[in-house]
Amino acid sequence: MLLQIHTFPDPILKQVAQSIEVFDDALRKTADDMLETMYASNGIGLAAIQVAILKQLVVVDLLSGSEDESERDPHIFVNPNITEQSGETISEEGCLSVEEFRAEVKRAERITLEYQDVEGQPHTLVAEDLMAICIQHELDHLRGVLFIDHLPSLKQKMVKRRLAKQVRLSA
Ligand code: NI
């Protein structure tokens, strides 16, 4: 089932996600719906907050653009938490919740992520480069932070004003 992606300046994007304690069919269904929604939108990551579910749930697939479904590489992270990070990397980011805008953001180059799968089993993942960047971007969503919140304050104000205006004009 496709879910509706909420976009800036929707206040839901500033909410903080709650941890998941029940690992049931509903959780699996939500994760599957999020993956389907992400693929349909050509995104490489989606946090539950973006579809108005205030839970610590994130999906990522760097091969999202693959025509062939068998070449996809879906990841589901429940209650994800970055426990170590190192290095610095700057790259251009976009977001399914921030339409038609991209900007360079500084992130850690390498991270260690602890998370649970949909069964509740704990895992540790060491990620670098795009995977690490994508995970940091998605985990930001779980605490109500967008990539545009990382921009210098003056640029951030300008960009947010412009994005809010676009929304009003297209509504
Ligand atoms: Ni995003």
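These legends go with a set of close-up views of a predicted model.

**View 1. Five strands line up in an open sheet.**
Reading across the sheet, the order is S1-S2-S3-S6-S7, with antiparallel pairing. At the edges sit strand S1 (45-47) and strand S7 (122-128), each of which pairs on one side only. From one strand to the next, the twist averages 40 degrees.

**View 2. Strand S2 (residues 57-60) pairs with S1 and with S3.**
On the S1 side, the two strands are held in antiparallel register by three bridges. Look for Ala47, which stands opposite Val58 in S2. Toward S3 the pairing is antiparallel again, this time over four bridges. Here Val59 of S2 faces Ile76 in S3.

**View 3. The side chains of S2 point both ways, and they are buried.**
Leu57 and Val59 point one way from the strand, while Val58 and Val60 point the other way. That is what you'd look for in a regular strand, because side chains there alternate between the two faces of the sheet. Which of these four residues are buried? All of them: Leu57, Val58, Val59 and Val60.

**View 4. Helix H1 (residues 25-40) lies across three strands.**
The strands under this helix are S1, S2 and strand S3 (75-86). Relative to S2, H1 runs at about 40 degrees.

**View 5. A nonpolar patch sits on the surface.**
Four residues make it up: Ile44, Leu62, Leu63 and Leu130. Together they have about 290 Å² of accessible area. Ile44 comes from the loop between H1 and S1. Is Ile44 itself buried or partly exposed? Ile44 counts as partly exposed, because its relative accessibility is 32%, and the partly exposed class runs between the 20% and 50% cut-offs.

**View 6. Phe8 and Pro9 are joined by a cis peptide bond.**
Omega for this bond is about 10 degrees. You'll find Pro9 in the segment before H1.

**View 7. Asn79 has a positive phi and is buried.**
Asn79 isn't a glycine, yet its phi is near 50 degrees. This residue belongs to strand S3. It counts as buried because its relative accessibility is 14%, and the buried class is anything under 20%.

**View 8. Glu100 also has a positive phi, but Glu100 is exposed.**
Phi of Glu100 is near 55 degrees, again in a residue other than glycine. Glu100 lies in strand S5 (residues 98-107). With a relative accessible area of 73%, Glu100 is exposed, since that class covers anything over 50%.

Notes:
Residues are numbered from 1 along each chain as its sequence is written. This is a predicted model: local features need pLDDT of at least 70, side-chain atom pairs count only at pLDDT 80 or more; totals for chains, interfaces and linings use all residues. Side-chain values use heavy atoms; hydrogens and water are left out. Two strands pair if DSSP finds at least two bridges between them. Axes are lines fitted to C-alpha atoms, for helices over the stretch in contact, and angles run from 0 to 180 degrees between N-to-C directions. Contact means heavy atoms within 4.5 Å. Patches are made of residues with over 30% relative accessible area and no salt bridge: like charges are joined within 9 Å, nonpolar side chains (Val, Leu, Ile, Met, Phe, Trp, Tyr) within 5 Å. Accessible areas come from the Shrake-Rupley method with a 1.4 Å probe; for residues, only the protein chains shown count as cover. A salt bridge is a side-chain nitrogen of Lys or Arg within 4 Å of a carboxyl oxygen of Asp or Glu. Buried means under 20% relative accessible area, exposed over 50%, partly exposed in between (1.4 Å probe, protein chains only).
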